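Welcome, and thank you for taking a look at this protein chain. Let us walk through it together, one region at a time.

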Amino acid sequence: TGNLTLAGTLTVKDLTLTNNLTIGGHIITAGNTPTITPQAAAGQGATATIEGNDTSGVIVISTGDSPISGDLVKINFSNAFGKLPKIVATPQDGTTAMIQPYATPELASFTLGAAAKLDQNKTYVFSYFVIE
């Protein structure tokens with residue numbers, strides 16, 4: 001009981017809080033980078049990169065020839081979640097917002113897709129945040 005002030009770094013393997021968590025600074029996520037694989041809707045020859053970790057990052061998709069609406073990329077987490085995670089995928093510009101993006105979560109991965117048809121040989125950029 002009482003207060004604890006620590007000057008330095010505290011590393012805890014697992015932490016369970018039974019009340020509120022107040023953060024007086026930035027939230028900085030860390031961890032291994034997930035893998036990313038372009039899907040058929042991104043078009044023939046599409047490429048994709050990911051910078052970040054299982055919790056947050058940036059996804060860049062460069063479409064290939066004849067992209068269509070549908071699943072664009074699959075992101076495989078470094079560590080699967082215990083329950084279905086919540087995904088927030090945010091377009092980083094107006095062009096990306098126009099494709100009406102969506103994210104479909106699974107325990108070990110999520111798929112990022114587009115409800116609208118994409119342009120051929122175009123770059124689309126998203127940020128993402130994942131929490132269980």
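In what follows, two residues are in contact when heavy atoms of theirs lie within 4.5 Å. Please keep in mind that this is a predicted model.

Let us begin with the sheet. Four strands form an open sheet, in the order E1-E4-E7-E6, and their pairing is antiparallel. E1 and strand E6 (101-105) stand at the edges with a single partner strand each, so one side of each is left without a neighbour in the sheet. From one strand to the next, the twist averages 25 degrees.

We can now cross this sheet strand by strand. Strand E1 covers residues 35-38 and is joined to E4 by four bridges, the two running antiparallel. You can find one meeting point at Pro38, whose bridge partner in E4 is Val73. Moving on, E4 and E7 pair over six bridges, in the antiparallel sense. Here Ile75 stands opposite Phe110 in E7. The last step joins E6 to E7, again antiparallel, through five bridges. In that pairing, Pro101 has Ala114 in E7 as its bridge partner.

Val73 is a good place to turn from the sheet to the core. Setting aside neighbours within four places in sequence, Val73 is in contact with a list of residues that includes Ile36, Pro38, Ile59, Ile61 and Phe110. Several of these names return in a moment. In soluble globular proteins, nonpolar side chains tend to be buried together. In this model, the largest nonpolar core has 23 residues, and those with the most contacts inside it are Ile59, Ile61, Leu72, Val73 and Phe110. The elements giving two or more residues to this core are strand E2 (47-52), E3, E4, E7 and E8. E8 gives the most, with four residues.

Phe110 also leads us to the aromatic rings. How many aromatic pairs are there? The count comes to three. One of them joins Phe77 and Phe81: this pair is edge-to-face, with 4.9 Å from centre to centre and 75 degrees between the planes. Both Phe77 and Phe81 are buried. Phe77 also pairs with Phe110; their ring centres are 5.8 Å apart and their planes are at 35 degrees, so the pair is tilted. This second pair links distant parts of the chain, since Phe77 sits in the loop between E4 and strand E5 (86-91) while Phe110 belongs to strand E7, 33 residues apart. Is Phe110 buried or exposed? Phe110 has a relative accessible area of 0%, so it counts as buried. For Phe77 the relative accessibility is 9%, and because buried means under 20%, Phe77 counts as buried. Taken together, ring pairs link Phe77, Phe81, Phe110 and Tyr128 into a cluster.

Now let us visit the loops, beginning with Thr63. This residue is found in the loop between strand E3 (56-62) and strand E4 (70-76), and at 5% relative accessibility Thr63 counts as buried. Which residues does Thr63 contact, leaving aside its neighbours within four places in sequence? They are Ala42, Ala46, Leu118, Asp119, Gln120, Asn121, Lys122 and Tyr124. Two polar contacts add detail to this picture. A polar atom of the Thr63 side chain lies 2.7 Å from the backbone oxygen of Asp119, and a polar atom of that side chain lies 3.0 Å from the backbone nitrogen of Asn121.

Follow those contacts across to Asp119, which is found in the loop between strand E7 (109-114) and strand E8 (123-131). Asp119 has 42% relative accessibility and so counts as partly exposed. Not counting residues up to four places away in sequence, Asp119 touches Thr63, Pro67 and Tyr124. By contrast, the C-alpha atoms of Asp119 and Pro34 are separated by 26 Å, the two residues being 85 apart along the chain.

We finish with a backbone detail in these loops. Most residues other than glycine have a negative phi. Asn121, in the loop between E7 and E8, has a positive phi of about 50 degrees although it is not a glycine. Ser66, in the loop between E3 and E4, likewise is not a glycine and has a positive phi, of about 55 degrees. Are these two residues buried or exposed? Asn121 is exposed, with a relative accessible area of 53%, and Ser66 is exposed, with a relative accessible area of 54%.

Terms used
Residues are numbered from 1 along each chain as its sequence is written. This is a predicted model: local features need pLDDT of at least 70, side-chain atom pairs count only at pLDDT 80 or more; totals for chains, interfaces and linings use all residues. Side-chain values use heavy atoms; hydrogens and water are left out. Buried means under 20% relative accessible area, exposed over 50%, partly exposed in between (1.4 Å probe, protein chains only). A polar contact is a pair of N or O atoms within 3.5 Å; within protein, one must be able to donate a hydrogen and the other to accept it, and residues adjacent in sequence count only if both atoms are side-chain atoms. Two strands pair if DSSP finds at least two bridges between them. Axes are lines fitted to C-alpha atoms, for helices over the stretch in contact, and angles run from 0 to 180 degrees between N-to-C directions. A nonpolar core is a set of buried Ala, Val, Leu, Ile, Met, Phe, Trp, Tyr and Cys residues joined through side-chain atoms within 4.5 Å. Rings of Phe, Tyr and Trp (its six-membered ring) pair if their centres lie within 6.5 Å; planes under 30 degrees apart count as stacked, over 60 as edge-to-face and the rest as tilted.
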